[in-house]
Amino acid sequence: LRSRFLLAEGFTNFNHGSFGSVPKVVSDAQHAYSMQCESRPDKWFRQEYFVCVDSARTMLAKYVNAPSVDDLVMVENASGAVNSVMRSMNWQEGGVILYLSSAYAMVKHTAAWLASTSNNGIVQNIEISLGSDFPMAGEESVLTPLRDALIRYQGKIKLLVISHITSVPAVTLPMKEILELARSPQMLGGSAAYPVLVDGAHALGQIHIDLQTMGDPDFYVSNAHKWLYAPKGSAVLYVRKDLQQPHFPEPTVISSSGKQDFVGRYAYTGSRDYSPFCAVVDAFKFRQALGEEQLTSYVTGLARWAGTYLAQKWDTQVLCPSHMQAFMFNVQLPTNSTAVAAALQQRLDVDYDTYIVVLPLGSLIYARLSAQVYLERSDFIRLGDLVLELLTKMPADIESSSASFIHAPHPVTITGTTSS
């Protein structure tokens, strides 16, 4: 299936998770939408685009089992969706923004911005540090520290932000259990319920999402450009019906449309390229042609096989239990030196046109790798051999070199140790 993607000849991409890769047929469809826009701009912006985006929203709503298609809108990316929700909340009375230390850096920065711009520090952003047993000890390595924090800040929490799949390291969190815990009377202690914002940036197309079975989160955001195979610049924002107000949440751009209903105010945010939204329909067609179950089975199976193979090859370990990983997995590299790992990443990229993400966790160093339909077992076998070969060729003075990670992972706090 590699020939169906736009990846460069000879390039091996083990980092689909960061930016995705669009299939040729989807890219062609996106171009056709752009040509449709340019050939008759008025007809496109006043009529055709709205039909197009409604078709995409309908397919997305069905895919995630949203209660209604009108509870879901399209945005450019998960970062924009998170900002749209967090920055349009009323913070005049302050409150605590709570998130795990594994949260994506954008969430932390947005919370920090809200705290720094609040009057007299009435907005606090609190990071829940995960212990050294995360994620090896399974769900409890998340639920226990979360439970402790919910009790500690009882009555003060204004917003809880949780990743469905964390970025670095890549770990699928037990979202149904987290929602049940956050809303339980024991955790609320008589206080009013606070909203839960689920950052599912990596989830759409990688794992099965059923919003209603999950517990109908207050807000759910996800990218379509990563694992769904849609073009970059396509994402989804779900807002529970009872939270949708005439002025909440607001898009990051207030346009000339003047519409105040939830769907209307997000539908048009000025003259821009909306072709990625429309091409979501074609991404679904691509998935349907492959077969949703067959696609998921192949990529999940490849990820689990590759993790086990590389851990045995390198005499290391896979970071988390198999049920907490999907298409992405983390396997320990056969070196504990950050300088060596950085040089290894650079050599793979520059000399072998092979890209991996490297992240230190405590005293160990891991590779976050992505399985995908355009990869095969032979690709991971080659990677296993290349890593061992390159490590034997590292210069003796590598520890004093200035090598640094090409893709600097966002800081991850594990028992007080910040990895960056």
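**Entry 1: the middle of the sheet**

I began with strand 3 (residues 95–100) and found that it pairs with strand 5 in the parallel sense, over four bridges. I noted that this is a predicted model, and I read every value below with that in mind. For one register point between these two strands I looked up valine 96, whose bridge partner in strand 5 is isoleucine 157.

I then turned to the pairing of strand 5 with strand 8, which is likewise parallel and likewise runs over four bridges. Here I took valine 161 as the register point, and its bridge partner in strand 8 is leucine 197. I also asked myself how many of the residues of strand 5 are buried. Six of the seven are, so the strand is largely enclosed by the rest of the structure.

**Entry 2: the sheet as a whole**

Following the pairings outward, I wrote down an open sheet of seven strands, in the order 2-10-9-8-5-3-4, with mixed pairing. Its edges are strand 2 (72–75) and strand 4 (123–128), each of which pairs on one side only. From one strand to the next, the twist averages 20°.

Helix 7 (residues 175–183) packs on this sheet, where it touches strand 5 (157–163) and strand 8, and its direction makes about 170° with that of strand 5. I also checked strand 8 (residues 196–199) against strand 9 (residues 219–223), and these run parallel and are joined by three bridges. In that pairing aspartate 199 stands opposite valine 221 of strand 9.

**Entry 3: histidine 164**

Next I looked up histidine 164, which is placed in the loop between strand 5 and strand 6 (165–166). Is this histidine buried or exposed? Its relative accessibility is 5%, and because the cut-off for buried is under 20%, histidine 164 counts as buried.

Leaving aside residues up to four places away in sequence, I listed what histidine 164 touches, and the contacts include Val171, Thr172, Leu173 and Met175. Val198 and Asp199 are also among its contacts, as are Ala203, Ile207, Met214 and Tyr220. Aspartate 199 is thus a residue I had already met, as the one opposite valine 221.

**Entry 4: aromatic rings**

I counted 17 aromatic pairs in the structure. In one of them, tyrosine 274 and phenylalanine 277, the ring centres are 5.9 Å apart and the planes stand at 65°, so I recorded the pair as edge-to-face. Tyrosine 274 counts as buried at 1% relative accessibility, and phenylalanine 277 is buried with a relative accessible area of 1%.

Another pair, phenylalanine 329 with phenylalanine 380, is tilted, at 6.0 Å centre to centre and with 45° between the planes. Phenylalanine 329 lies in strand 11 (residues 328–332) and phenylalanine 380 in helix 15 (residues 377–392), so this pair ties together parts that are 51 residues apart in sequence. Phenylalanine 329 counts as buried at 0% relative accessibility, and phenylalanine 380 is buried with a relative accessible area of 0%.

Tyr274 and Phe277 also belong to a cluster linked by ring pairs, together with Trp44, Phe45, Tyr49, Phe50 and Tyr268. I closed by looking for charges over rings of this cluster. The charged end of arginine 272 sits over the ring of tyrosine 274, 4.5 Å from its centre, while lysine 259 lies over the face of phenylalanine 50, at 5.5 Å from the ring centre.

Terms used. Residues numbered from 1 in each chain as written. Predicted model: local features only at pLDDT ≥ 70, side-chain atom pairs only at ≥ 80, totals over all residues. Heavy atoms only, no water. Pairing = 2+ DSSP bridges. Axes fitted to C-alpha atoms, helices over the stretch in contact; angles between N-to-C directions. Contact = heavy atoms within 4.5 Å. Buried < 20%, exposed > 50% of the residue type's maximum accessible area, 1.4 Å probe, protein only. Phe/Tyr/Trp six-rings, centres within 6.5 Å; stacked < 30°, edge-to-face > 60°. Lys NZ or Arg CZ within 6 Å of the ring centre and 35° of its normal.
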